[in-house]
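Open the model in your viewer and keep the selection tool ready. We will move from stop to stop.

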Amino acid sequence: MKKLVEELKPVIYTVVLIWGIFIVSSILPFLKNFGIEPRTFFGLFGIFFAPFLHGSFGHIASNTVPLLILLSLVVLNYSKEIVTQAIVCIMVLGGGLVWLFARSSNHIGASGVIYGLAVFLVY
């Protein structure tokens, strides 16, 4: 049991970080502007920031459970290096596609990472 908890620490830290950023962005709403703004230079930075930003309590709550489950499955079944590479690829590829093709709006949330992790696990 102790080993399992130790292995899942990165998952727990990630979810705590996302919730912490949500709380801070509730106090400082301008942080939500750091999402993906399609086809703008500034919007490129959002590729890395968007998964950590959420627009409402319902939004973050609906992302938390699948993120916990899928991240746990990935962390428990793959090496640290593979997990890191997969998540970076998912963020860059998914965020890049949003940046290229999405409608002109501010896109935030971890849904792209969640779907990417699901595809990674199925593949």
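**First stop: an arginine in a loop**

Select R39. R39 is partly exposed, because its relative accessible area of 42% falls between the 20% limit for buried and the 50% limit for exposed. Keep in mind that this is a predicted model. Where along the chain does R39 lie? R39 sits in the loop between α2 and α3, and α3 covers residues 41-49.

Now look at the backbone of R39. Its phi is near 60°, a positive value in a residue other than glycine. Most residues other than glycine have a negative phi.

**Second stop: a serine in another loop**

Select S56. S56 is found in the loop between α3 and α4. Is S56 buried, partly exposed or exposed? With a relative accessibility of 35%, S56 counts as partly exposed.

Add L28 to the selection. S56 and L28 are 28 residues apart in sequence. Draw a line from C-alpha to C-alpha, and the two are 13 Å apart in space.

**Third stop: helix α4**

Select residues 57-77. This is helix α4, with 21 residues. How far apart are its end C-alpha atoms? They are 30 Å apart, which agrees with the 30 Å that the helix should span at 1.5 Å a residue.

Next, show the side chains of the buried residues of α4. They are I60, N63, T64, L67, L70, L71, S72, V74 and V75. What covers them? Colour these helices one by one, as the cover includes each of them:

- α1, residues 2-7
- α2, residues 9-27
- α5, residues 80-101
- α6, residues 111-122

**Last stop: the whole chain**

Clear the selection and zoom out. The protein chain has six helices and zero strands. From the N terminus on, the order reads α-α-α-α-α-α. The radius of gyration is 15 Å, close to the 14 Å that the globule rule gives for 123 residues, so the chain is as compact as a globular protein of that length. Turn the C-alpha trace along its principal axes: the trace spans about 45 × 35 × 20 Å.

Now consider contacts. Among those with a separation of 6 or more, 77% are between residues 24 or more positions apart.

Switch on the surface. The chain exposes about 7,600 Å², and carbon and sulfur atoms supply 75% of that area. Of the 123 residues, 33% count as buried.

Finish with the charges. Colour the 7 positive and 4 negative side chains. The centres of the two sets lie 6 Å apart.

Conventions:
Residues are numbered from 1 along each chain as its sequence is written. This is a predicted model: local features need pLDDT of at least 70, side-chain atom pairs count only at pLDDT 80 or more; totals for chains, interfaces and linings use all residues. Side-chain values use heavy atoms; hydrogens and water are left out. Helices (H or I, at least four residues) and strands (E, at least two) are DSSP runs, numbered from the N terminus. The radius of gyration is taken over C-alpha atoms; the globule rule is 2.2 Å times the number of residues to the power 0.38. Buried means under 20% relative accessible area, exposed over 50%, partly exposed in between (1.4 Å probe, protein chains only). Contact means heavy atoms within 4.5 Å. Accessible areas come from the Shrake-Rupley method with a 1.4 Å probe; for residues, only the protein chains shown count as cover. Lys and Arg count as positive and Asp and Glu as negative; His and the chain ends are not counted. The place of a charge is taken as NZ of Lys, CZ of Arg, CG of Asp or CD of Glu. The expected span of a helix is 1.5 Å times one less than its number of residues.
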